[in-house]
Amino acid sequence: MLVVEGLVKRFGGFTAVNNVSFRVEPGEILGLIGPNGSGKSTIFNLLSGTLLPTAGSIKFDGREIAGLPPHRIINAGVGRTFQIPRPFRRLSLFENVALAGYFGQNRHSVAKANEAAERALGLVGLPADRAAKVDGLGAAGLKKLELAKALATGPKLLLADESLGGLDEKEMDQAADMLRRIRDELGITIIWVEHIMGVLMRVVDRVMVLDHGEKISEGLPAAVAADPRVIEVYLGSDAQAAQAVAAGRG
Ligand SMILES: Nc1ncnc2c1ncn2[C@@H]1O[C@H](COP(=O)(O)OP(=O)(O)O)[C@@H](O)[C@H]1O
Ligand SMILES: [Mg+2]
């Protein structure tokens, strides 16, 4: 579904993403992990058209999308969430999601956008009541709103950036289960970025690890959690927790 080859992003003299190549198969959940500043969000910004690549190719469904503007990439079926939610606070919850549906699906039909918003809000467990406000949503609620907006655009591939940030343990588990359900029930392929390994390892099919803009490991969760280069980057503790989780999954 996605074939990335030789992706490079430089900011001036600084290389944030250095010759990264990977593939995503239809229906899989690929985890993309790495310490803060390793280039995860930059890769999402390149995949979604928010940033122009310095070099490299991004093929989605066989078509080159590298360098296309964001709205074309969304219309082609690549949806994304943002690590830092910035909803329109003067619009209702429903309007925020319907707006994403209106522009994201390129149908420009208010009726279709409203339908998409209702479905998406139901899926993430937020009220589809049209009067509900954005104010008062906590960290977990704002993450759900990000997800609902991305789902309303009708993605085939969903890029989920740090869906667990600011959540407590129970909320993290629920968010992880939600991503799994989105894949299982809607058949949406997912790339899931996170800097915390543990919960992610329980849900993903495959993991890729970045460090300083380079891919240092890739494979099944248990193998990646046991990779000495990954353990070194994560200073042992988080990797051990991830190993335990990966070993315990059915
Ligand atoms: N627009 C930008 N201009 C300059 N440097 C940037 C920009 N965006 C990201 N960076 C740098 O690129 C590196 C990777 O950032 P990022 O992709 O956000 O990391 P991650 O999401 O893995 O925490 C960091 O050192 C960050 O400071
Ligand atoms: Mg990031």
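Which glycine follows α1, and what sign does its phi have? Glycine 49 comes after α1, and its phi is positive, near 85 degrees. Keep that helix in mind, as it turns up in several of the close-ups below. One thing before we start: this is a predicted model.

**View 1. Helix α1, covered from end to end.** Let's start with the helix itself. α1 is mostly covered, with eight of its eight residues buried. If you want to tick them off, they are Lys40, Ser41, Thr42, Ile43, Phe44, Asn45, Leu46 and Leu47. As a bit of background, an α-helix has 3.6 residues a turn, so residues three or four places apart point the same way. Just past α1, look for glycine 49 and its positive phi.

**View 2. The residues around ligand 1.** Now zoom in on the ligand. Around ligand 1 you'll find Phe11, Ala16, Gly34, Asn36, Gly37, Ser38, Gly39, Lys40, Ser41 and Thr42. Sorted by class, this shell has seven polar residues, two nonpolar ones and one charged one. Which helix gives the largest share of the shell? That's α1 (residues 40-47), which supplies three residues.

**View 3. A mixed sheet of six strands.** Here we pull back to a whole sheet. Six strands line up as β6-β7-β8-β3-β9-β10 in an open sheet with mixed pairing. At the edges are β6 (78-80) and β10 (214-219); each has a single partner strand, so one side of each is left without a neighbour in the sheet. On average, neighbouring strands here are turned by 20 degrees against each other, ignoring direction. Our helix shows up again: α1 packs on this sheet and touches β3, β6, β7 (157-161), β8 and β9 (206-211). The direction of α1 makes about 150 degrees with that of β7.

**View 4. Strand β3 and its two partners.** In general, strands of a sheet pair through backbone hydrogen bonds, either parallel or antiparallel. Strand β3 (residues 29-33) runs parallel to strand β8 (residues 189-194), and five bridges join the two. β3 also pairs with β9 in the parallel sense, this time over four bridges. A handy residue to find is glycine 31: it stands opposite tryptophan 192 in β8, and also opposite valine 207 in β9.

**View 5. Tryptophan 192 in the nonpolar core.** Stay with that tryptophan for a moment. The largest nonpolar core has 71 residues, and Val97 and Trp192 are the ones with the most contacts inside it. What does tryptophan 192 touch, leaving out residues up to four places away in sequence? The answer is Ile29, Gly31, Leu32, Ala160, Ser163, Leu179, Leu200 and Val204.

**View 6. The β9-β10 hairpin and its histidine.** Next, follow β9 into β10. These two strands run antiparallel and are joined by five bridges; one pairing to look for is methionine 208 with glutamate 218 in β10. They form a hairpin with two residues between them. Histidine 212 sits in the loop between β9 and β10, and its phi is positive, near 50 degrees. Why is that worth a look? Most residues other than glycine have a negative phi. Histidine 212 has 15 other C-beta atoms within 10 Å, so it counts as partly exposed.

**View 7. An antiparallel sheet of four strands.** The second sheet to visit is open too, with four strands in the order β2-β1-β4-β5 and antiparallel pairing. Its edge strands are β2 and β5, each of which pairs on one side only. α1 packs on this sheet as well, touching β1, β2 and β4, and its direction makes about 65 degrees with that of β2. Inside the sheet, strand β1 (residues 2-11) runs antiparallel to strand β4 (residues 55-60), with five bridges between them. Valine 3, for instance, has lysine 59 in β4 as its bridge partner.

**View 8. Two more positive phi values.** First, the β4-β5 hairpin. β4 pairs with strand β5 (residues 63-64) over two antiparallel bridges, and phenylalanine 60 stands opposite arginine 63 in β5. Two residues lie between the strands, and aspartate 61 in the turn has a positive phi of about 50 degrees. Then find asparagine 19, which lies in strand β2 (residues 14-24). Its phi is positive too, near 60 degrees. Is asparagine 19 buried or partly exposed? Asparagine 19 has 14 C-beta neighbours inside 10 Å, so it counts as partly exposed.

How values were computed:
Residues are numbered from 1 along each chain as its sequence is written. Chains are lettered from A and ligands numbered from 1 in the order in which they are written. This is a predicted model: local features need pLDDT of at least 70, side-chain atom pairs count only at pLDDT 80 or more; totals for chains, interfaces and linings use all residues. Two strands pair if DSSP finds at least two bridges between them. A nonpolar core is a set of buried Ala, Val, Leu, Ile, Met, Phe, Trp, Tyr and Cys residues joined through C-beta atoms within 7 Å. A residue is buried if 20 or more other C-beta atoms lie within 10 Å of its own, exposed if 12 or fewer, and partly exposed in between; C-beta atoms are placed from the backbone. Two residues are in contact if their C-beta atoms, placed from the backbone, lie within 7 Å. A residue is near a molecule or strand if its C-beta atom, placed from the backbone, lies within 6 Å of it. Ala, Val, Leu, Ile, Met, Phe, Trp, Tyr, Cys and Pro count as nonpolar, Asp, Glu, Lys and Arg as charged, and the others, Gly among them, as polar. Axes are lines fitted to C-alpha atoms, for helices over the stretch in contact, and angles run from 0 to 180 degrees between N-to-C directions.
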